[in-house]
Amino acid sequence: MLKKRRVVITAYGAVAPQALDAETFWDFVRNGKSAITRISRFNSESTGTSIGGEVPPFNTDFLHASGIKAKRVARHTLLLLLATNQIRQEIAKVPKFGIKLGIATSCFSMIGDSGAARAKSGCDAANIHMIPQAPPHAAAGALAQFLDHPCEAETISTACAAGLDALGRAYQDIQAGRHQCLLAAGTDSALGMTPLAEFVKAGMASLRNSIPERASRPFDAFADSGVLSEGAAVLMVEDWEHAIMRGAAPLCEILGYGMHLDTDSTRPGSGYFSSMKAAISDSGVSLPEIDYVSAWAPGHPVLDRIEAECLREVFGKLCDELPVTSIKGVIGNPLAAAGPLQVVAAIKGLQNAIIPPTANHEIRRTGCHVQVPTTPLKRKHSIVLLNAHGVGGANASLLLRQPQTSQYSYAN
């Protein structure tokens with residue numbers, strides 16, 4: 001019987017709050033240790049909040065060979081290149097690949113800093129690097145330059161869901177035979193005065209300034225809102241046969257993908273039902289086969305509740321036993337980087353037989369009728385469902401499975 005092409009992930013790199021590599025990130029996640037601190041790069045008190053998830057300082061010497069100047073590119077671009085550098089040797093083994101990049105906000109901080117400089121000193125203080133670096137697609141161009149690999153590249157901007165959508169698009173393109181290998185990534189850094197003030201004004205940033213590490217509280221009754229953070233993750237996505245032929249070991253298999261806009265403008269996240277149903281239908285797995293859900297759950301009272309309601313709609317009574325976790329209790333919300341970071345955490349969980357806990361979850365919020373583990377669950381599992389949501393109504397769902405070796409016939 002003719003089957004769909006199998007799509008696998010063969011490498012990953014990640015940077016996240018308090019973590020300059022994927023192993024450190026996983027250590028925080030598996031232990032449910034919060035990486036949220038007081039913001040150190042600038043004085044944010046006038047915005048109403050002074051907490052966030054910051055990537056720690058890092059050396060930019062790794063850029064020298066590429067000719068990219070750290071001061072001339074936006075911070076989210078630097079984070080993307082830092083994450084990519086972790087798997088650069090593996091990428092070099094593949095002669096041909098493309099790029100799928102998810103970005104939610106572009107260079108908010110650069111725009112804000114330039115505006116402040118012009119307000120103080122006039123138009124002569126305008127940033128000469130703004131035009132080439134402000135477009136969301138600039139980061140993809142910088143990535144190709146960094147790897148010395150001009151290639152087909154696509155930037156996806158479905159708000160915070162963009163990173164998971166980038167993986168979904170990579171999966172679809174490889175499954176359709178348009179590519180054998182793609183780098184799928186998400187990156188964002190909205191930790192600046194301008195975006196932070198706007199998130200606070202919109203009620204989308206926690207004001208729990210006294211205890212930063214307890215501020216991000218997915219599905220919790222005492223959550224006031226999410227915590228803004230930054231990060232990046234890049235994953236090498238390949239046709240299974242292509243990976244095996246070149247001797248690469250698949251880390252996980254992508255089984256299904258779905259995306260859908262919200263169906264009710266008064267219920268942000270209402271499109272989860274359709275995106276989850278689409279991903280599950282695409283995968284061909286049955287609901288009882290799914291071992292846990294890596295929820296979006298940013299710690300926002302409304303968004304968390306509606307995601308929980310949609311999970312109940314999809315899984316029914318299975319929700320009484322199905323673990324539902326969120327890594328945002330640890331890292332806050334790095335926008336488009338969150339989905340790919342969820343994927344990295346899911347891969348590590350599959351490899352280590354650990355379902356990670358949800359940090360800072362103490363008392364379940366009314367309406368959130370899902371099982372939220374607060375300690376690591378040491379159990380073997382094989383299939384994970386991941387969700388992402390973006391402002392504007394974008395929803396994405398992805399199904400991952402521990403790699404298997406069953407034989408498939410391939411479409412031409």
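## Loops and elements

Helices and strands are DSSP runs, with at least four residues for a helix and at least two for a strand, numbered from the N terminus. In these terms, A159 lies in the loop between β5 (153-156) and α7 (162-175). The structure described here is a predicted model.

## A159 and strand β13

A159 is not a glycine, yet it has a positive phi of about 55°. For comparison, most residues other than glycine have a negative phi. With a relative accessibility of 15%, A159 counts as buried, because buried means under 20% relative accessible area.

A159 is also one of the residues that G390 touches. G390 is placed in strand β13 (residues 383-390) and, at 0% relative accessibility, counts as buried. When its neighbours within four places in sequence are left aside, G390 is in contact with T158, A159, C160 and A161. A248, by contrast, is 33 Å from G390 in space, C-alpha to C-alpha, and 142 residues from it in sequence.

## Helix α13 and the residue after it

Helix α13 covers residues 338-352, which makes 15 residues. At 1.5 Å a residue the helix should span 21 Å, and its end C-alpha atoms are 21 Å apart, so the expected and modelled values agree. The helix is mostly covered, as 13 of its 15 residues are buried.

Just after α13 comes A353, which takes a positive phi of about 55°. A353 is found in the loop between α13 and β11 (354-355). A353 is a residue other than glycine, and it is partly exposed, with a relative accessible area of 26%.

## One aromatic pair

A search of the whole structure gives one aromatic pair. The partners are F62 and F146, whose ring centres are 5.8 Å apart and whose planes stand at 85°, so the pair is edge-to-face. The label follows because planes over 60 degrees apart count as edge-to-face.

F62 sits in the loop between β3 (51-52) and α2 (75-85), while F146 belongs to helix α6 (residues 138-146), so the pair ties together parts that are 84 residues apart in sequence. F62 is buried, with a relative accessible area of 16%. F146 likewise counts as buried, at 1% relative accessibility.

## Charges over tryptophan rings

Two tryptophans have a charged side chain over the ring face. R6 lies over the face of W240, at 4.7 Å from the ring centre. K328 lies over the face of W296, and here the distance from the ring centre is 3.5 Å.

## Cysteines without disulfides

The same kind of search finds zero disulfides in the whole structure. Take C151: its closest cysteine sulfur is that of C181, and the two sulfurs are 10 Å apart, too far for a bond. The cut-off explains this, because a disulfide is a pair of cysteine sulfur atoms within 2.5 Å. Seen from C181, the closest cysteine sulfur is in C151, again at 10 Å.

The surroundings of these cysteines can be given as well. C151 is partly exposed, with a relative accessible area of 27%, whereas C181 is buried, with a relative accessible area of 2%.

Methods: Residues are numbered from 1 along each chain as its sequence is written. This is a predicted model: local features need pLDDT of at least 70, side-chain atom pairs count only at pLDDT 80 or more; totals for chains, interfaces and linings use all residues. Side-chain values use heavy atoms; hydrogens and water are left out. The expected span of a helix is 1.5 Å times one less than its number of residues. Buried means under 20% relative accessible area, exposed over 50%, partly exposed in between (1.4 Å probe, protein chains only). Rings of Phe, Tyr and Trp (its six-membered ring) pair if their centres lie within 6.5 Å; planes under 30 degrees apart count as stacked, over 60 as edge-to-face and the rest as tilted. A charge sits over a ring if NZ of Lys or CZ of Arg is within 6 Å of the ring centre and within 35 degrees of the ring normal. Contact means heavy atoms within 4.5 Å.
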